[in-house]
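Colleague: Could you take me through one part of this model in close detail? I'd like to see how a single helix sits among its neighbours, with a little context on the chains around it.

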Amino acid sequence: MDIKADICVVRFAELSTKGKNKKDFVRLLRKNINEAMRSFDGVKVVGSFDRIYVYLNGADDVLVLARLQQIFGISTISLAVKVEQDIEQMKDVAVALMKREPKSSFKVITRRADKTFGLVTDQINRALGTAILMNTEHVVDVHNPEIKVLVEVRPGEVYITVNTVQGAHGFPVGIQGKAMLLISGGIDSPVAGYLSNKRGIEVECVHFQSPPYTSQAALSKVMDLTRKMTAGQSEIRMHIVNFTDLQLQINHFIPESYRITIMRRMMIRIAQGLANNRKCKALITGECVGQVASQTLDSIQVISAVADLPILRPLVMFDKNDIIAIAEKIGTYDISIRPYEDCCTVFTPINPVTRPTLHKAEFYEKSFDFSPYVVECIEKAETVFVKYNEKRAEDTLF
Amino acid sequence: MQSIPDIYFDYASTAPIHHEVIEATHTLLPQFYANPDSLHTLGYQVGDLMRISREKIASLLHVMPQMVIFTGSATEANNMAIKGAAFKNQHKGKHCITTKIEHSSVLNTFKQLQEYFGFEVDYLDVDAFGVLSYDQLKQSLRKDTILVSIMAINNEIGTIADIEQIKKIVKSSSSAILHVDFVQMLGKYPIDLNRIDLATFSAHKIGGLKGSGLLIRNTQVELMPLISGGQQEYSLRGGTSNTLANITFAKALRIALEKMVSEFSRIKEINDYLRSELTLIPQLDILTPQSGSAYILAFSYPSIPSEIMMNALSQRKIYVSAHSTCTSQSAYSHVHLAIGLKEHAANGVIRLSFGDQTTMNQAHRFIEVFKEIVKNGY
């Protein structure tokens, strides 16, 4: 019997919300899946109340499955065969699917969403289990099966699968609206972006560059990092702020120990200006308490004081090793450790203050009117779009 | 008069450059000339392309990017591996093992180690098909053995070594570094670099540029640099990088691997045909074992010396080798003597080797021409 599993059954994650929220969740997830599937010819996405079905129509199942695993809001994905509500057909398909698997222990698990089907759950389990036992070498293990044969009886149709994989979980990107991520070339900010995406926040990125004190290489690195983040959010708007003039004024007017603190305050002001223009509801940073001088609790307090928008810090209590583990998982670590100076490190003072006070920070900022520079940074920010799997000119070289 | 097209049966020496690689050079040569280690934008752009190439090669070979070392040739990679590992590890012992049928870049490197640096080297025997004795390998391993170097596919007669078996023996009964020369296997057979410490590859045998080799190094294995200089290639090979060769290597490799499976069955069919036809010719002896590489067919025809045969074929626009092109100036091949060929037989050896532009029609024409030469004596 030539049977091909050609439908991905997508199950929703974290759907504790109900009513309209659920509708939004499903609508957005479907939209995100549709976008992600655009690069596969023929693939069709069909939604229902509690499942989304992705019809392969000849597309490569391994690639489609791998791509679906990057989409947030999905708990599990099964590569399934759709059959009619007919117990003989169901048995045939289950046996055919199991014949391809190496000898294992198995269990049949039926979910009967359509209660009008003639057989109850237990009868279906037994019928399919017996058919598999008689026609294959597999053995039953109801406690720790190596293969779970999932059977979903739905109105008018039945889905059978032996291959279920974990999704990325979380919420569909965009369900929470947008936030502005401050991205450097470091390890932390892309991880912060990834975790924000996972909670359903769509991100826009802002990067501060200070040419000629920072190089083209540093910017390319940030673009490469952002490109990696498009696995979860297929298009990211990136704002590139030219920070040099403002940075030089800071260096000129602010005492060395406070330069980093004031610089961070300026960055927050600029990011907030851009965020307001772009209707972002929050700022996101990769800050983590205690990592560096500018990330002590005192610093965080003084820096946050300039923000009216909430500043989300997904990594605030993480250990470095845990951050690195996520960075490695999402493929940004190797890019982050490329050795180019970024905006934060060039102007690093030798002895930055670790316990700044708001009073002093505000006092120093009064020594010069920085606001025109902040406004200029916001107005002259350059916007580029970074898209998933975008073809680049140099691709032809490889 | 219609001109006769060339028949190129010398892929084991070098392959024609793939047209996509040639196209890439047209972009690279005029635009990306900067030194990849320069810190300005032009330099960065070239460095970035080299980084991408390194990452792509790593991913195609299932290794980490930091394991990929660009060299100027496979010969250099072999030198770097053998001398580099021997010098760096000589405090642990000075005994090495290799076989009698290695490429000259391996054999002569070991001879140097013996003659000038006091190393002791065992050269394993092979049988009439070029197969080494795995028992002998096991028995030769000693406490002070620091390096074992064995080629995956012999370049002259096409014997395929059982690398899995070699891995098992070397890794279970010694702490020696294992180096494998994969030059004739790349893009032709699947390669598993797991548990191989040092592996040599070449670009120009798979449609890439000449002057381009690779050494894949398990980063646990330390090497002494043979060319001291700047920080290029992890300070293991100083000298401004050959960016053109290094960047295009990824493309050549990708293309070779993409068509590996379909090419294999095609080439195998051609090889089988040639083997069956040549077997019918009296006194002709096929040297490549049945289990050997499908891409190489070596035989000995003692009645006509190799040089005369090559000239006769060349006149008819068929291009072949006698034995390794790297030892083509010496009278007898060490490989042919190692598999026990008598001098008169070793004198009449021809090696055919195939690749992506080889066709069955060419094989038919070869047989036709070869029979004519056999009949006429020239």
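Modeller: Happy to! Two residues count as in contact if their C-beta atoms, placed from the backbone, lie within 7 Å. On that basis, the contact between the chains takes seven residues from chain A and 14 residues from chain B. The chain A side that touches chain B has three nonpolar, three polar and one charged residues. Do keep in mind that this is a predicted model.

Now for chain A itself, which has 14 helices and 14 strands. Its C-alpha atoms fill a box of roughly 85 × 45 × 35 Å along the principal axes. Of the 398 residues in chain A, 42% are buried. Taking contacts in chain A between residues at least 6 apart in sequence, 80% join residues at least 24 apart.

The helix I'd pick for your close look is H2 of chain A, residues 61-68. Its buried residues are Val64(A), Arg67(A) and Leu68(A). Viewed down the axis of H2(A), these buried residues fall within an arc of 100 degrees, so they line one face of the helix. The spacing helps here: an α-helix has 3.6 residues a turn, so residues three or four places apart point the same way. On the other side of H2(A), Val62(A) and Ala66(A) are exposed.

What does the buried face pack against? The partners of the buried residues of H2(A) are helix H1 (19-37) and four strands of chain A: E1 (7-12), E3 (51-55), E4 (74-83) and E8 (157-169).

Terms used:
Residues are numbered from 1 along each chain as its sequence is written. Chains are lettered from A and ligands numbered from 1 in the order in which they are written. This is a predicted model: local features need pLDDT of at least 70, side-chain atom pairs count only at pLDDT 80 or more; totals for chains, interfaces and linings use all residues. Helices (H or I, at least four residues) and strands (E, at least two) are DSSP runs, numbered from the N terminus. A residue is buried if 20 or more other C-beta atoms lie within 10 Å of its own, exposed if 12 or fewer, and partly exposed in between; C-beta atoms are placed from the backbone. The arc is that of the directions from the helix axis to the C-beta atoms. Ala, Val, Leu, Ile, Met, Phe, Trp, Tyr, Cys and Pro count as nonpolar, Asp, Glu, Lys and Arg as charged, and the others, Gly among them, as polar.
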